[in-house]
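Me: I would like a close look at a single strand and what surrounds it. Please keep to what the model shows and work outwards from there.

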Amino acid sequence: MIGRPATFLMDAETAHGVSINGLKTGGIKGGKCHNDPRLSQSIAGLEFPNPVGVAAGLDKNAEVPDALLNLGFGFTEVGTVTPLAQEGNPKPRIFRVVDDEAVINRLGFNNQGHEAAFQRLKSRAQNGLVGVNIGANKESADFTKDYALGIEKFYAVASYFTANISSPNTPGLRDLQARDQLAELLSRILEVHAAKADEHGRYVPVFLKIAPDVSEAELDDIVEEVLDKKLDGIIVSNTTLDRTALRKPNKETGGLSGKPLHERSTIMLAKTRQRAGKDLPIIGVGGVHNADSAAAKFEAGADLIQLYTGMIYEGPTIANMINRGLSRKLDGLGLTHIRQLRDRKLQEWAARSLG
């Protein structure tokens, strides 16, 4: 789903498949990569050449991670992958909301399963940071076991892990954000993680991806568990079920992404930063489409950002466009590093209501 003019003549899911094929064949290019050492940083023990990443969902089956990195992204995230292959929800299940530059999806973790993604990642020919977003099969009798299996399967090939408990399209999945269930999930994940770290002699960071629709009380519990279990960071946020930011009513069910998600997800990001303190890495996601929307995430407390829907509307040059814009913003503010942009408007964003 990359590039607007031609792909918008197709239905959204067909366009996504065409775009993946274009990345595979080299037909989609992002132009000359923007390299600015002021945008590079070390987060969770990983060296990021720039802070702009691809969110999970675009490359579900790890088919094109290196092609995405070659578009100028500092990192990319494959998945969500589940232990067993599954079809996901019935089609149609992706819907453009063009007037708002948004997308609604109810895909339901459609993917080819652990083994297919693992074999592709195992055979990668180049370096670069590739995270693995892990989830649970819809029909699984034990969701927490599925996440543990993801850690076990991909430990040798993942730059980092994201435990995705925030998709609205798998029944019961968001229940894992409740404190008792989250504590059990994280304990099980980290038990397997510790064993694999010893086996492989290297440490792979683990992030938790949360929804923008949790209450502030629920956010309190989530952050407390993340800090208690010493997780490596939080990704804020997944898609929203809220529709109030849309210009026109839309009855399609599923998660909303794109520009209308920016404000809500950025408020949630700032509230998460307030609770987490200054040291916990946070990746900001939701509505990033240009340098200004990216900068807002940093100012609200993000260390890194990710995008997906923005690429649908802006095209494959978006990473370089944003990175160039961030460099100009640093110039304009007289800053010497992207780190200095973080938290500049934290209190302002955190004071806003989620509605």
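Which strands does H5 lie across, and at about what angle does H5 run to S8? Please take S8 as the centre of the account.

Reply: The model is a predicted one. H5 lies across S4 (75-81), S7, S8 and S9, and runs at about 165° to S8.

S8 itself spans residues 160-164, and five of its five residues are buried. In a regular strand, side chains alternate between the two faces of the sheet. In S8 both faces are covered: on one side Tyr160, Thr162 and Asn164 are buried, and on the other side Phe161 and Ala163 are buried as well.

S8 has a partner strand in S7 (residues 129-134), and the two run parallel, joined by four bridges. Within this pairing, Gly131 has Tyr160 of S8 as its bridge partner. Between S7 and S8 the chain passes through H5 (residues 143-154), in a β-α-β crossover that is right-handed. H5 is thus both the connection from S7 to S8 and the helix that lies across S4, S7, S8 and S9.

Another partner of S8 is S9 (residues 206-210), again parallel and again joined by four bridges. Here Thr162 stands opposite Phe207 of S9. The link from S8 to S9 goes through H6 (residues 179-200), and this β-α-β crossover is also right-handed.

These strands belong to a closed barrel of eight strands, in the order S3-S4-S7-S8-S9-S10-S12-S13, with parallel pairing. On average, neighbouring strands of this sheet are turned by 25° against each other, with direction ignored. Elsewhere in the barrel, S12 (residues 282-285) and S13 (residues 304-307) are paired in the parallel sense through three bridges. In that pair, Ile283 stands opposite Leu304 of S13.

Next, the packing. Nonpolar side chains tend to be buried together in soluble globular proteins. The largest nonpolar core here has 56 residues, and Phe161 of S8 is among those with the most contacts inside it, along with Leu121, Val132, Tyr147, Phe154 and Leu208. H6 gives the most to this core, with six residues. Leu208 shows how this packing is made up: leaving out residues up to four places away in sequence, Leu208 touches Ala163, Ile165, Leu182, Leu186, Ile222, Val226, Leu231, Gly233, Ile234 and Ile235. Ala163 in that list is one of the buried residues of S8. There is also a second, separate core of 47 residues, which includes Val54, Val64, Leu68 and Ile322.

S4, another of the strands that H5 lies across, holds a backbone feature. The peptide bond joining Gly79 and Thr80 is cis, with omega about 15°, and Thr80 is in S4. Gly79 is also in contact with Gly57, as are His16 and Tyr308, leaving aside neighbours of Gly57 within four places in sequence. Gly57 is in the loop between S3 (52-54) and H3 (65-69). Gly57 counts as buried because its relative accessibility is 14%, and buried means under 20%. The C-alpha atom of Gly57 is separated by 24 Å from that of Gly45, although the two residues are 12 apart along the chain.

Following the chain on from S4, a cis peptide bond runs from Lys91 to Pro92, with omega near -5°. Pro92 is in the loop between S4 and S5 (94-97). Two residues other than glycine then have positive phi values. Glu101 has a phi of about 50° and lies in the loop between S5 and S6 (102-105). Phe109 has a phi near 55° and is in the loop between S6 and H4 (114-122). With a relative accessibility of 4%, Phe109 counts as buried.

For the wider setting, an unreviewed UniProt entry carries the annotation "domain: Dihydroorotate dehydrogenase catalytic" over residues 39-330. Across residues 39-330 the chain is 36% helix and 19% strand, with the end C-alpha atoms 10 Å apart.

To return to S8: the strand has five of its five residues buried, is joined by four bridges to S7 and by four bridges to S9, and has H5 lying across it at about 165°.

Note on methods:
Residues numbered from 1 in each chain as written. Predicted model: local features only at pLDDT ≥ 70, side-chain atom pairs only at ≥ 80, totals over all residues. Heavy atoms only, no water. Buried < 20%, exposed > 50% of the residue type's maximum accessible area, 1.4 Å probe, protein only. Pairing = 2+ DSSP bridges. Right-handed = clockwise from strand over helix to strand, strands pointing away. UniProt positions renumbered as here; feature names shortened; annotations may be inferred. Core = buried A, V, L, I, M, F, W, Y, C linked by side-chain atoms within 4.5 Å. Contact = heavy atoms within 4.5 Å. Axes fitted to C-alpha atoms, helices over the stretch in contact; angles between N-to-C directions.
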